[in-house]
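Here is a set of short exercises to work through with the model open beside you. Try each task on your own before reading the solution.

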Amino acid sequence: MLSAPIPSVEETRANQAFDALLGSLSRPGQIRKLPGAGEASIIEALLDRECRVFCADPTLMPQVLESGAMVADIPEADHVFLGTMQNAESLLSVSQGSDLYPDDGATVIVRTVLGAGPKVRLSGPGIQTHQDISISGLPNGFWQLRQDLIRYPMGFDLFFVDGDQVLGVPRSTKVEEL
């Protein structure tokens, strides 16, 4: 009789993180719970030897390197871990994909405070009418620069992390500052 292997604790955590990330992108503006605080569970879920990664936070580098992912500059990175952002200019270098390969657009992970600060209104796929959220810790001009850069289907997807909470904003989502 065949039996399925029992997943390890690490594999279970990675699957829970992946489910939270996927759920947050499919329902923009809805906060999901990660299996652990910070970007560690995201690294565990998304990175492997086929990924190129930029990481602005030196405390995350040991785990990034342990994943086997290749360290890259922002323009070549599939996943961009910006930590706490000081200015929005780093978005200028993020890969947007191309007309032929829009899926080459990067995934950007930013550390923020969810539920506090300036409000934005999200609308688009996965949102019934609109979703209002508050995000603190983003530099001035962040949302305007994102709007200027994204030419759907080209663009980049965003994950905002606050402790064990994650909020996804895919490139298809329209964001209006309130």
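The exercises below concern a predicted model, and each task is followed by a worked solution.

**Exercise 1. The open sheet**

Task: Work out the strand order of the open sheet of seven strands, and find which strands are at its edges.

Solution: Begin with the order, which is β1-β9-β8-β5-β4-β2-β3, with mixed pairing. Next, look for strands that pair on one side only: these are the edge strands β1 (32–33) and β3 (70–71). Helix α1 (residues 9–26) packs on this sheet and touches β1, β8 and β9. The direction of α1 makes about 40 degrees with that of β9. Then take β8 and β9: they run antiparallel and are joined by five bridges. To place one of the residues concerned, note that L158 has V169 in β9 as its bridge partner.

**Exercise 2. One face of a helix**

Task: Find the buried residues of helix α4 and decide how they are arranged around its axis.

Solution: Start by listing the buried residues of α4 (residues 142–149), which are F142, W143, L145 and R146. Now look down the axis of α4: these buried residues fall within an arc of 160 degrees, so they line one face of the helix. As a reminder, an α-helix has 3.6 residues a turn, so residues three or four places apart point the same way. The next step is to ask what this face meets. The buried residues of α4 pack against β6 (113–123), β7 (131–136), β8 (157–162), β9 (165–169) and β10 (174–177). Finally, consider the orientation: α4 lies across β8 and β9, and runs at about 160 degrees to β8.

**Exercise 3. An aromatic pair**

Task: Describe the geometry of the aromatic pair formed by F142 and W143, and say whether each residue is buried or exposed.

Solution: Recall that a pair of aromatic rings is described by the distance of the centres and the angle of the planes. For F142 and W143, the centres are 5.0 Å apart and the planes make 90 degrees. Planes over 60 degrees apart count as edge-to-face, and the F142–W143 pair is therefore edge-to-face. For burial, the cut-off is under 20% relative accessible area. F142 has 1% relative accessibility, so F142 is buried. W143, at 9%, is buried too. Together with F160, F142 and W143 form one aromatic cluster.

**Exercise 4. Contacts of I135**

Task: Place I135 in the fold and find the residues that I135 touches, not counting those up to four places away in sequence.

Solution: I135 lies in strand β7 and, at 5% relative accessibility, counts as buried. The contacts of I135 are T112, V113, L114, A116, G117, P118, W143, F160 and L167. Take P118 from this list: I135 and P118 are 17 residues apart in sequence, yet 6.0 Å apart in space, C-alpha to C-alpha.

**Exercise 5. The nonpolar cores**

Task: Find which members of the largest nonpolar core touch the most other members, and which elements each supply at least two of its residues.

Solution: This core has 28 residues, and L91, V108, W143 and F160 touch the most other members. The elements that each supply at least two residues are β4, β5 (107–111), β6, β7, α4, β8 and β9. Apart from this core lies another, of 19 residues, among them A17, A20, L21 and L34. In general, nonpolar side chains in soluble globular proteins tend to be buried together.

Notes: Residues are numbered from 1 along each chain as its sequence is written. This is a predicted model: local features need pLDDT of at least 70, side-chain atom pairs count only at pLDDT 80 or more; totals for chains, interfaces and linings use all residues. Side-chain values use heavy atoms; hydrogens and water are left out. Rings of Phe, Tyr and Trp (its six-membered ring) pair if their centres lie within 6.5 Å; planes under 30 degrees apart count as stacked, over 60 as edge-to-face and the rest as tilted. Buried means under 20% relative accessible area, exposed over 50%, partly exposed in between (1.4 Å probe, protein chains only). The arc is that of the directions from the helix axis to the C-beta atoms. Contact means heavy atoms within 4.5 Å. Two strands pair if DSSP finds at least two bridges between them. Axes are lines fitted to C-alpha atoms, for helices over the stretch in contact, and angles run from 0 to 180 degrees between N-to-C directions. A nonpolar core is a set of buried Ala, Val, Leu, Ile, Met, Phe, Trp, Tyr and Cys residues joined through side-chain atoms within 4.5 Å.
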